[in-house]
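This briefing walks through one model, beginning with its interior and moving on to its helices, individual residues and confidence. Please keep the sequence and the structure in view while reading.

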Amino acid sequence: MKEPKSKQSCPPSCTVSTPRFELGKVVATPAALAMLEGLGVSPLELVRRHLSLDPGSLDAEDQATNLMALQTGARIFSAYEVGERRER
């Protein structure tokens, strides 16, 4: 995933001391990256939140499914609202 030029370095808040799982392939559409850049949101910050299992906008059932996925190796989901319009 190519980081916007203005966001090349990850801010200190972007670090994850102990990821909860191994990260697979990370992909993002050009439109999603453009939206994040326009909102001043670092894609790496969202990846950091994902790696730490930050529940974001997930409901309790999805959070429980993610915890089960840590044991089974299933896919882990995340959803984060960004911007004033709460883009998802």
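In this predicted model, the largest nonpolar core is built from 6 residues, namely Phe21, Val47, Leu51, Leu53, Ala69 and Ile76. Another core, of 5 residues, lies apart from it and includes Leu36, Val41, Tyr80 and Val82.

**Overall make-up**

- The chain holds 3 helices and 0 strands, and its pattern along the sequence reads α-α-α.
- Of the 88 residues in the chain, 26% are buried, while the accessible surface amounts to about 6,300 Å², with 53% of that area belonging to carbon and sulfur atoms.
- Among contacts with a separation of 6 or more, 68% join residues that stand 24 or more positions apart.

**Helix H2 and its surroundings**

- Helix H2 spans residues 43-51 and is mostly covered, given that 8 of its 9 residues are buried; these are Pro43, Glu45, Leu46, Val47, Arg48, Arg49, His50 and Leu51.
- Helix H1, residues 30-39, is included in what covers the buried residues of H2.
- At the start of H2, a side-chain oxygen of Ser42 comes to within 3.2 Å of the backbone nitrogen of Leu44.
- Leu46, which lies in H2, counts as buried because its relative accessibility is 18%, below the 20% cut-off.
- Beyond its neighbours within four places in sequence, Leu46 is in contact with Leu36, Val41, Tyr80 and Val82, and these four residues are also among the members of the 5-residue core.
- Leu46 and Tyr80 are 34 residues apart along the chain, yet their C-alpha atoms are separated by 7.6 Å.

**The loop between H2 and H3**

- Leu53 is found in the loop between H2 and H3, and it follows H2 with a positive phi near 60°, a value that here belongs to a residue other than glycine.
- Leu53 is buried, with a relative accessible area of 16%, and it belongs to the largest nonpolar core together with residues that include Val47 and Leu51.

**Helix H3 and its ends**

- Helix H3 covers residues 60-72, and its 13 residues reach 18 Å from the first C-alpha to the last, close to the 18 Å expected at 1.5 Å a residue.
- The N-terminal end of H3 is capped by Asp59, one side-chain oxygen of which lies 3.2 Å from the backbone nitrogen of Glu61, and H3 is followed by Gly73, whose phi is positive, near 85°.
- Asn66, a residue of H3, is buried, with a relative accessible area of 5%.
- Leaving aside neighbours within four places in sequence, the contacts of Asn66 are with Leu53, Leu58, Arg75, Ile76 and Phe77; of these, Leu53 and Ile76 are members of the largest nonpolar core.

**Confidence**

- The mean pLDDT of the chain is 82, and 76% of its residues reach 70 or more.
- Over residues 1-10 the pLDDT is below 50, and this stretch has 15 contacts in the model beyond near neighbours in sequence, so those contacts rest on a part of the chain to which the predictor assigns a confidence below 50 on a scale from 0 to 100.
- In the chain, confidence is lowest in helix H2, at a mean of 94, and highest in H3, at 96.

Technical notes:
Residues numbered from 1 in each chain as written. Predicted model: local features only at pLDDT ≥ 70, side-chain atom pairs only at ≥ 80, totals over all residues. Heavy atoms only, no water. Helix = DSSP H or I, 4+ residues; strand = E, 2+ residues; numbered from the N terminus. Buried < 20%, exposed > 50% of the residue type's maximum accessible area, 1.4 Å probe, protein only. Contact = heavy atoms within 4.5 Å. Areas by Shrake-Rupley, 256 points an atom, 1.4 Å probe, with all protein chains shown as cover. Core = buried A, V, L, I, M, F, W, Y, C linked by side-chain atoms within 4.5 Å. Expected span 1.5 Å × (residues − 1). Polar contact = N/O pair within 3.5 Å; in protein donor to acceptor, adjacent residues only side chain to side chain.
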